[in-house]
Each structure stands twice: as structure tokens, then as C-alpha cells.
Number of protein chains: 2
Amino acid sequence: MNDTDTDFVVMAWRALLARHAEVSGVLERELSERHGLGVSEFEVLERLAEARSSCQEPGEAKFRVQGLADQVHLSQSALSRLIARLEREGLVARALCEADRRGVFVQLTEEGRRRHAEATPTHRAVLSAHLFPHLVDAGCAPPAEGTAPENAAPGSVRRGP
Amino acid sequence: MNDTDTDFVVMAWRALLARHAEVSGVLERELSERHGLGVSEFEVLERLAEARSSCQEPGEAKFRVQGLADQVHLSQSALSRLIARLEREGLVARALCEADRRGVFVQLTEEGRRRHAEATPTHRAVLSAHLFPHLVDAGCAPPAEGTAPENAAPGSVRRGP
DNA sequence: GCGCATTCAATGCACAAGCAATTAATGCGA
DNA sequence: TCGCATTAATTGCTTGTGCATTGAATGCGC
């Protein structure tokens, strides 16, 4: 690989780091102060909610801890504690797995479903506003309902009259 | 914004999270066990090294703490402690700023320059191998000198005979 | 039926990161 | 010159994360 390729990869990595820091920072702040949730917490709730909605029978949306950990890029121990936090808040419930009594099934409670539904618009709004900032300025994204991004310049082009 | 747009943004965000987790995980492991450096530590050393090399006079590569913090996406307190760690290892030196005695200049030591130079190939190799994995499999990237990515399938296409 | 390696989740421990409070130095205005 | 707001960096405290370990349960071989 030549120097140009290397520079390109490094630049790409820095851009990735910058975008990750920016978006996850705003997301953390917004989700935390508006809904009392962290980014990882929301992510876990979302996986559980998705599984539930893609499943006909209610009460089927169960997940093993390790399975969730893989999806949200956390270690098994981190997820164990995260689940404990969510359980303390009443957003999820642990259920013994009878087939394999080492395993634990995690599922959303009604309260958990509600909190996730409440937080989703904020989550989407932050992503729309900050993930592709250039699109926002070009008028390709909505005015971010649910948040008021402070970095939107006063004269920036928006959709509408 | 319609559902399709929203889904796209969410998918893009998840892809970003996945790539960030993957690459920074491997990078952390490799840099740590081969050179005793964390990702953030390396990033700071790199900024200092770049500033030095782009500067004619030796000894001019000084940085304010806050300036470094912005570049590596850390809070000033985090960077303050990180600098302290690097200083304890003898990789950087704090220098009082005489013009403004609140400020602190941070600069690389010779040992710091050496460690950064040693670690750079590992850093670049990990990025090349993991940042754009599909390019690696397509033979557009080198066989990642310095690391042996375990997730390269035995039969995957590589450059060479 | 009895070990024994394996697997799943929880816990002890160490550490890095952020927020808030603190200390030190600057510069501006009365 | 004397406050006083402002800025830079450090420190106290809390929290989330990963690694390694532990404890429980499984199933495979004999």
C-alpha cells in the first residue's frame, strides 16, 4: 500500500471517529435529559421492541443476554449490568429459561415499550439532524422535530416557504 | 421525512456503530498488547508528531491541552489525565507557557516520538485490514503487515500466487 | 450413573471518561 | 489599583465498561 492509500484510510478513520463522537454525544445528551436513557439502553430496548413487533404471538419477544450483547457491541458483563439497570427501572423483565436453566430470557415490559416509543422520535430526529449534516443544510432533511440543533446556522436553507 | 428515509438513517447509524466497535476494538487490543498504548493515547501522540514534523524548528511542536482535546474528541479532564499518564511514561513533557501562565504546552519527548513511530505500522495495518474489509477480500488492500486478522476466512481471496 | 469440559450469566476488580467544583492566571472596567 | 468576570487546567466524585473469575447448569464420554 502506498502513502496515498494510507493517508486515505487514516482520513476515513478520523472522519468516522469524528462523526461517531459528534452523533453519540448529542444522542447521549438528548436521550438522557429528555427520557432518562443512555444510548446503549435505547439500543437494547429497540432490539427487544423490533423482535416483539416482528413476532405474531405476544410474549414471544425473548432474547438471550449474549445475543443482545453481540447486537449492541457490548461485552457480556456490560450487558448483564445494563439489563440489571433496565430491570430496576421496570423497563425489562428477566425470565428463567426452562429448557436451559443457565440461560435468561429478557423481554420488554409495557412500561419499557412505552419508554421506547416515547424516545424513538428524539432518536430519529438527532440522527437525521446530525448524521448527515450536509444534507440538512441542503434541505434534504426535515427540521428535526423533537430537537433544536444549535449548530444550524440562522440563515441555513430549510424546506418550505 | 418518510419511513424509508428514517430506516435508511437508522441503518447508516447502526453500520457506523458496528464499524466503530469493530475497528476500535481491534485497534485497542493490538496497540495495547504490542506497544502498551491505548487508542486515545496513540491519537494524541500522532497529533503531536504531526505538528512537529510540519514544523521547521525543533522544539516548536507544542499544544495546548484544550486544543488536543478537541482533536481527539475527549473532554479536557480526560485529556488532562491522559497527558498525565503519558508524562508518567515519559512520552510527553509538560512545559509552562510563559506568555500565559495558565496554559500548559505539551510536547513529545524523544521516547514518545520513538514509541509513536513503532506503533504507527500496527495502527495503519489494523485500519487497512478492518476499516474496509470488503476491499481486503477483493484484493485491493495488502495482507496487513503487522497483524494477522483472524476473521479472514481460510479461502478468502488474497493478493499473490 | 459419574466425572469433566463447556457454556451462560453474574460478580470482583481496575480503569478511563464525563460533570462539577476548584485553583491559578489573565484582562477589563471603574 | 482594586475588584470581577473569564479562561486554562487539574482534581473529586460517579458511572459505565472490559477482563478475569465464579457459580450454576448442560451434555458428552465412559
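Is Glu46(A) buried or exposed? Keep that question in mind while you look around, and remember that this is a predicted model. Glu46(A) sits in helix H2 of chain A, which covers residues 39–53. With a relative accessible area of 2%, Glu46(A) is buried, because anything under 20% counts as buried.

So what does Glu46(A) touch, leaving out residues up to four places away in sequence? In its own chain, the list is His116(A), Thr120(A), His123(A) and Arg124(A). From the other chain, Val10(B) and Arg14(B) join in. With His116(A) there is also a polar contact, side chain to side chain, at 2.9 Å.

Now hop over to chain B and find Glu43(B), in helix H2 (residues 39–53) of that chain. Glu43(B) is buried too, with a relative accessible area of 5%. Its contacts also come from both chains: Trp13(A), Arg14(A) and Leu17(A) on one side of the list, Val72(B) and His123(B) on the other, once neighbours within four places in sequence are set aside.

Since we keep moving between the chains, let's ask how they are related. Chain A can be laid on chain B by a turn of 180° with a shift of 0.0 Å along the axis, and the RMSD is then 0.1 Å. The two copies are therefore related as by a two-fold rotation axis. The same surface serves both copies, as 97% of the contact residues of chain A recur in chain B.

Next, look at the nonpolar interior. The largest nonpolar core has 68 residues. Which residues have the most contacts inside it? They are Val44(A), Leu79(A) and Val44(B). Take Val44(A) as an example: not counting residues up to four places away in sequence, it touches Leu68(A), Val72(A), Leu79(A), Leu82(A), Ile83(A) and Leu86(A). Notice that Leu79(A) turns up again here, as one of the residues that Val44(A) touches.

Time to turn to the DNA, beginning with strand C. How many residues surround DNA strand C? There are 21, and the closest are Ser80(A), Arg81(A), Arg94(A), Arg102(A) and Ser75(B). Among the atoms of DNA strand C that come within 4 Å of the protein, sugar and phosphate account for 54%. Some individual atom pairs make this easier to picture. A polar backbone atom of Gln66(A) is 3.1 Å from a phosphate oxygen of DNA strand C. The bases are reached as well: an N or O atom in the side chain of Arg102(A) is 2.8 Å from a base oxygen of DNA strand C, while a polar side-chain atom of Ser77(B) lies 2.9 Å from a base nitrogen of that strand. If you want to know which elements give two or more residues to this surface, look at helix H3 (65–72) and helix H4 (76–88) of chain A, along with helix H4 (76–88) of chain B. By type, the residues of the surface near DNA strand C divide into nine charged, eight polar and four nonpolar.

DNA strand D is next. It is surrounded by 21 residues, and the closest are Ser75(A), Ser80(B), Arg81(B), Arg94(B) and Arg102(B). For DNA strand D, 59% of the atoms within 4 Å of the protein belong to sugar or phosphate, and the rest belong to bases. Zoom in on a phosphate oxygen of DNA strand D and you can find an N or O atom in the side chain of Ser40(A) 3.5 Å away. A backbone N or O atom of Gln66(B) lies 3.2 Å from a phosphate oxygen of this strand. As for the bases, a polar side-chain atom of Arg81(A) lies 3.1 Å from a base oxygen of DNA strand D. Here H4 of chain A, helix H3 (65–72) of chain B and H4 of chain B each supply at least two residues of the surface. That surface near DNA strand D is made of four nonpolar, eight polar and nine charged residues.

One last stop is the loop between H3 and H4. Most residues other than glycine have a negative phi. In chain A, this loop holds His73(A), whose phi is positive, near 60°. His73(A) is partly exposed, with a relative accessible area of 36%. In chain B, His73(B) lies in the loop between H3 and H4 and has a positive phi of about 60° although it is not a glycine. His73(B) counts as partly exposed, at 36% relative accessibility.

Notes. Residues numbered from 1 in each chain as written. Chains lettered and ligands numbered in written order. Predicted model: local features only at pLDDT ≥ 70, side-chain atom pairs only at ≥ 80, totals over all residues. Heavy atoms only, no water. Least-squares fit on C-alpha atoms with pLDDT ≥ 70 in both. Contact = heavy atoms within 4.5 Å. Near = heavy atom within 4 Å. Polar contact = N/O pair within 3.5 Å; in protein donor to acceptor, adjacent residues only side chain to side chain. Helix = DSSP H or I, 4+ residues; strand = E, 2+ residues; numbered from the N terminus. Nonpolar A, V, L, I, M, F, W, Y, C, P; charged D, E, K, R; others polar. Core = buried A, V, L, I, M, F, W, Y, C linked by side-chain atoms within 4.5 Å. Buried < 20%, exposed > 50% of the residue type's maximum accessible area, 1.4 Å probe, protein only.
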